[in-house]
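Okay, thanks everyone, let's get going. I'll put the model up and then talk through pockets, salt bridges and aromatics.

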Amino acid sequence: MTDTLKIECAGEAALIVYLGDESSPTVAARVQALGDALRPKLGSTLVDLIPSYASLLVLYDPLQSDRYHISQCIRDCRPALAHATIGSGRLVEIPVYYSPESGEDLETLANSKSLSIDDVIGIHSEQEYRVYAIGFAPGFAYLGDVDPRIAAPRLSTPRQKVPRGAVAIADRQTAVYPAPSPGGWNLIGRSPQRMFDPQAEVPMPVQVGDRVRFTPMDRSDFLLAGGSL
């Protein structure tokens, strides 16, 4: 791939750095590598780094620096991109109770793909996903890439309420809803894992750059782990 690094102004005290044209594990690794290199370089000048699929938003203190200096610091970190490793990041396992009872769209998705329910469960749970971004709601981690065999578009009519812990697919993304909310993704199961707990020492179990694997669990274990239906 080309060594993309494009810097644009994103506000009075923000720059956005584009590191690729589309999401991929390689681009995600470059986003993570740039963030890791920038944090110590900017020090107290840095307000926050917000990674996304193929970009990194850099928020800085305008009383300590300006966009020209920050842009040069970003360029100075370019050599770190050569050391970006696709397999880097923690591996986090998230248990899931897959069933038509816990995933309202599981059977419909299986039928639309000419697969059995067990096929869909196996395909979804047998691979690792990369946390590309966290957004929409606190703890809502966008994971990819879903196997094309079970990728499915968003629902034409979103649900008014999706339960907390719902495991869902939209196109080639998958996610766990951290709280009850409206949503148009295809529901295939439910997890007892809390994806956002503001009272916990570590509020979110995953961060951008982590790897995620879903592990099937049965109904009784799901309920014992605190899940609800």
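So, the second largest pocket holds about 160 Å³ of space. Keep in mind that this is a predicted model. Thirteen residues line that pocket, and the ones closest to its centre are Arg164, Arg190, Gly226, Gly227 and Ser228. If you sort the lining of the second largest pocket by character, you get four nonpolar, six polar and three charged residues.

Now the largest pocket. About 330 Å³ of space lies in there. It's lined by 14 residues, and Arg39, Leu49, Pro51, Gln207 and Val208 lie nearest its centre. How does the lining of the largest pocket divide by residue type, you might ask: how many nonpolar, polar and charged? Eight are nonpolar, three polar and three charged.

Which helix gives the largest share of that lining? That's helix 1, with five residues. Helix 1, which runs 25-42, and strand 3 each supply at least two residues of the lining. And where does the largest pocket sit with respect to the domains? Domain 1 (6-83) and domain 2 (91-225) both contribute lining residues, so the pocket lies between them.

Right, salt bridges. There are ten in the structure. Let me start with aspartate 210 and arginine 90, whose closest N and O atoms are 2.5 Å apart. Aspartate 210 is in the loop between strand 12 (186-190) and strand 13 (211-216), and arginine 90 is in the loop between helix 2 (67-76) and strand 5 (91-98), so this pair ties together parts that are 120 residues apart in sequence. Is each partner buried or exposed? Aspartate 210 counts as buried at 6% relative accessibility, while arginine 90 is partly exposed, with a relative accessible area of 45%.

Next one: arginine 213 meets glutamate 128 in a salt bridge, at 3.8 Å from N to O. This pair also links distant parts of the chain, with arginine 213 in strand 13 and glutamate 128 in the loop between helix 4 (117-125) and strand 6, 85 residues apart. Both ends are partly exposed here: arginine 213 has a relative accessible area of 23%, and glutamate 128 has 32%.

Then there's arginine 149 with aspartate 147, at 3.0 Å from N to O. Aspartate 147 is buried, with a relative accessible area of 15%. One more thing on charges: Glu104, Asp105 and Arg159 are joined into one network by salt bridges that share partners.

Last topic, the aromatics. The structure holds eight aromatic pairs. One of them is tyrosine 53 with tyrosine 132, a tilted pair at 5.4 Å centre to centre, with 35° between the planes. Why does this pair tie together parts that are 79 residues apart in sequence? Well, tyrosine 53 lies in the loop between strand 3 (46-51) and strand 4 (55-60), whereas tyrosine 132 lies in strand 6 (residues 129-134), so the contact spans that stretch of sequence.

As for burial, tyrosine 132 is buried, with a relative accessible area of 1%. Tyrosine 53 counts as partly exposed, at 22% relative accessibility. Buried here means under 20%, so tyrosine 53 falls outside that class.

And which residues form one aromatic cluster? Tyr53 and Tyr132 are in there, together with Phe140, Tyr142, Tyr177 and Trp185.

That's what I had. Happy to rotate the model if anyone wants another look.

Note on methods: Residues are numbered from 1 along each chain as its sequence is written. This is a predicted model: local features need pLDDT of at least 70, side-chain atom pairs count only at pLDDT 80 or more; totals for chains, interfaces and linings use all residues. Side-chain values use heavy atoms; hydrogens and water are left out. Rings of Phe, Tyr and Trp (its six-membered ring) pair if their centres lie within 6.5 Å; planes under 30 degrees apart count as stacked, over 60 as edge-to-face and the rest as tilted. Helices (H or I, at least four residues) and strands (E, at least two) are DSSP runs, numbered from the N terminus. Buried means under 20% relative accessible area, exposed over 50%, partly exposed in between (1.4 Å probe, protein chains only). A salt bridge is a side-chain nitrogen of Lys or Arg within 4 Å of a carboxyl oxygen of Asp or Glu. On a 1 Å grid over the protein atoms alone, a cavity is a set of points where a 1.4 Å probe fits but cannot get out, and a pocket is an open set with protein on both sides within 12 Å along at least five of seven lines; lining residues have an atom within 4 Å of a point. Grid points are joined across faces, edges and corners, and a volume is the space filled by probe spheres set on the points. Ala, Val, Leu, Ile, Met, Phe, Trp, Tyr, Cys and Pro count as nonpolar, Asp, Glu, Lys and Arg as charged, and the others, Gly among them, as polar. Domain bounds come from an automatic or database domain assignment.
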